[in-house]
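Biologist: Before we start, please show me the model. I would like to learn how to read its contacts and its cysteines.

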Protein chains: 2
Amino acid sequence: MGKCEQCIIKQFNSLKSLTKDELMRISSCKTSKTIKKGEVIFEEGDTLNGVYCVKDGVCKLSKLSENGKDQIVKMVVKGQLLGQRSLISNESSNLQAVALNDMEVCFIPKSEIIADLQKNPKFSFDVLQDMAHDLKEADDIIVNMAQKSVKQRLAETLIYIHNNFGVNPDGTLSVLLSREDYASIVGTATESAIRVLSQFKKEGLITTVGKFIKIEDLNGLSRVE
Amino acid sequence: MGKCEQCIIKQFNSLKSLTKDELMRISSCKTSKTIKKGEVIFEEGDTLNGVYCVKDGVCKLSKLSENGKDQIVKMVVKGQLLGQRSLISNESSNLQAVALNDMEVCFIPKSEIIADLQKNPKFSFDVLQDMAHDLKEADDIIVNMAQKSVKQRLAETLIYIHNNFGVNPDGTLSVLLSREDYASIVGTATESAIRVLSQFKKEGLITTVGKFIKIEDLNGLSRVE
DNA sequence: AATAAAATATGATATTAGTCATGATTTATT
DNA sequence: AATAAATCATGACTAATATCATATTTTATT
């Protein structure tokens, strides 16, 4: 099993602020896991006994609305932590986490994280900055949901995925989402998401290869109204 | 000028975790301000040089959407802190803050807060918990925006204000919002907000006394579809 | 008190997005 | 390879909400 001290992934998240000692202690109590595409990492309401450090893959965080539809609130990729919020609030999770492709994660027990938060102000400040960033992103999503059309939201989602999660060698978006997932990010009906994607295709903004989507006109997409 | 050590307001926010020493230092460098209803506390893009501790009154935090409409993202009341997020991210504010009624606030300089965050793990953890709570609320708003109707969102807003900000002796909501503000919370056109309120009135769910709104049937409101 | 300005209210109409139905593809399973 | 199941796609129709127009009422200003 890999050692946290030497793991390059931690550079991308708050774990980088831990001391060598703290990292060694975490290394000795963490467990590595492989998670298959589609697998549920945790459910809404689950009590989390630690955080996950995502070494590879992507997952979606969603919440079930009262009308029975899932709303994707955030996507977590390689390098990020998963589950900090519930841990810090000492509450059960308000979100469900499902793997969007095969994942490699390390599970770090709660006790270790909490101890480090209380001892190491640098780590704690780093987690705080992470959370502040998430909160800002959430604010932006609220405004978009409230004020923009489905078309605009879907265009922005494509751009976001393109910019943040990258593309395959052939230029298609590397994170493969179903049309239902897109609908669930944008907050619309699956049929509406499909329709809008079809329209983008007709307008030459994107092309599709099976389920894969390739952005052909980033500028055009960003100007969608 | 009041002393932070003796101020009861701090019980309601993370400042309660500061030591007597830290509070005395803050007390000596803070400034008290009175802010009139409608006054802008800070603008989107402003660099904040500290946080505000709200001693009295309520303000709205909003963000200007690209279509020119303001979206209210959160309301901050007596007892809460204002401006922590930007301070922690070390970024300019992503939101505008406007007083909804006359306010009493204390302004605490950035340097002091940052120093305390770095020295006092208890304080830092407390701020972290606050932020985690805000993030959870933001998640809920995203889901509501995406999945619920204007009618449902407005009903929930009324209930939220009723439960969190209280009522006047005559039972009307103590926070007085314009119809435009309601629209801006719910994310709809002002006319739509007005229409829905009229409908609630016809259905006996609320009554209005001028601008004031009184919830007559809390149960009914929570069952709106 | 008179006037102007702003906020509230409501109708008519247009636009957006949701729902239901149905068919075509793609993917998984036997 | 054949079948079943899931996903994607599109049409027809409906419901929700936005927009524009115009009163009415309330609040601010002279």
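Modeller: A polar contact is a pair of N or O atoms within 3.5 Å; within protein, one must be able to donate a hydrogen and the other to accept it, and residues adjacent in sequence count only if both atoms are side-chain atoms. Here, an N or O atom in the side chain of B:R195 is 2.9 Å from a base oxygen of DNA strand D. The side chain of B:E191 has an N or O atom 3.3 Å from a base nitrogen of that strand. This is a predicted model: local features need pLDDT of at least 70, side-chain atom pairs pLDDT 80 or more, while totals for chains, interfaces and linings use all residues. Residues are numbered from 1 along each chain, chains are lettered from A and ligands numbered from 1 in the order written, and side-chain values use heavy atoms, without hydrogens and water.

Biologist: Which part of DNA strand D does the side chain of B:K69 approach?

Modeller: A phosphate oxygen, at 3.3 Å from an N or O atom of B:K69.

Biologist: How many disulfides are there over all chains?

Modeller: A disulfide is a pair of cysteine sulfur atoms within 2.5 Å. The count is zero over all chains.

Biologist: Why is A:C53 not bonded to A:C7?

Modeller: Because their sulfurs are 6.0 Å apart, too far for a bond, although A:C7 has the closest cysteine sulfur to that of A:C53. B:C106 is in no disulfide either, with the nearest cysteine sulfur, in B:C53, 6.1 Å away.

Biologist: Is B:C106 buried or exposed?

Modeller: Buried means under 20% relative accessible area, exposed over 50%, partly exposed in between (1.4 Å probe, protein chains only). B:C106 is buried at 8%, and A:C53 is buried at 6%.
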